[in-house]
Amino acid sequence: MLIDFHTHLDFYKEEELFPQLEKFSGIIVAASVDENSYLTNCRISDHIQKTNKLCQIIPTFGIHPNQADQNAPLLDDPTTAARFIKYLDQSPLIGEIGMDFCWSKSSPQNQEKVFRWFLDYCNKTKKACVIHTKDAEEKIYNILTDYPHARPVIHWYDGPEKIYREFIRRGYPQTFGVETIRSKHLQNLLKTTPLDLLLAETDNPESEPWLGGSRNDIFLIERVYSELSEILNIPRTNLEQILEENFHCIL
């Protein structure tokens, strides 16, 4: 079974996405960046449930650090906060959340406020949460200490090896995707990752074109599986079984 642990299906045009989903067999985790993103992913999931029983889409609610400035004030409104909690209760796992000191224009203060708000929920419910860490690795490492019952999954880590090893020591699962084949640093991190902490992703539809590639179709996850299999020197069928077992352990 193919499992793409991190995508942004709502970024696609529906006329491009739906014909692909009609042919896909496997599981796609549809991360959200804000409320509208989550609701769109839910509609996509509802649609495909009626047309392709072999494709399961899992919408997850989160607020990306890029959206922190717009959303941080909303958390102080009881009505909005209650609505967000409802979305979190619906989500089998939470994401995308985190902090970004490289590309995000949101203030660090608002990023941290939003991040901690979600972590507080995850700490109380013991739900897994998918975390964006770009150039905020040490800050996030320290913040996570305050939420020992949250269950972080680190998305596309490419930061310092020292902090990565600490994340591994804490038992945080890690996603690897389309950049891995292009980066010796990521390949080294992959080879130090226990197989029971390994997940695969595409971060579709923008990541592969951003890296200079030409594909952004949902079947790109097949190539990621093959690349990870090659780098780790393990049979593709074995890798598929490992990734499926890891996925079910997280849920």
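Author: Contact here means heavy atoms within 4.5 Å. This is a predicted model: local features need pLDDT of at least 70, side-chain atom pairs count only at pLDDT 80 or more, and totals for chains, interfaces and linings use all residues. Residues are numbered from 1 along each chain as its sequence is written, and side-chain values use heavy atoms, without hydrogens and water.

Reader: Which elements do the buried residues of helix 7 pack against?
Author: Helices (H or I, at least four residues) and strands (E, at least two) are DSSP runs, numbered from the N terminus. Buried means under 20% relative accessible area, exposed over 50%, partly exposed in between (1.4 Å probe, protein chains only). In helix 7 (residues 161–170), the buried set is Ile163, Tyr164, Phe167 and Ile168. They pack against helix 6 (137–144), strand 6 (151–155), strand 7 (174–176) and helix 8 (184–191).

Reader: Why do the buried residues of helix 7 line one face?
Author: The arc is taken from the directions from the helix axis to the C-beta atoms. Lys162 and Arg169 are exposed on the face turned away from the buried side of helix 7. Ile163, Tyr164, Phe167 and Ile168 are its buried residues. Down the axis they line one face because they fall within an arc of 145°.

Reader: What phi does Gly171 take?
Author: Gly171 comes just after helix 7. Its phi is positive, about 85°.

Reader: How far apart are the end C-alpha atoms of helix 4?
Author: The expected span is 1.5 Å times one less than the number of residues. For the 13 residues of helix 4 (residues 78–90), that should be 18 Å. The end C-alpha atoms agree, at 18 Å apart.
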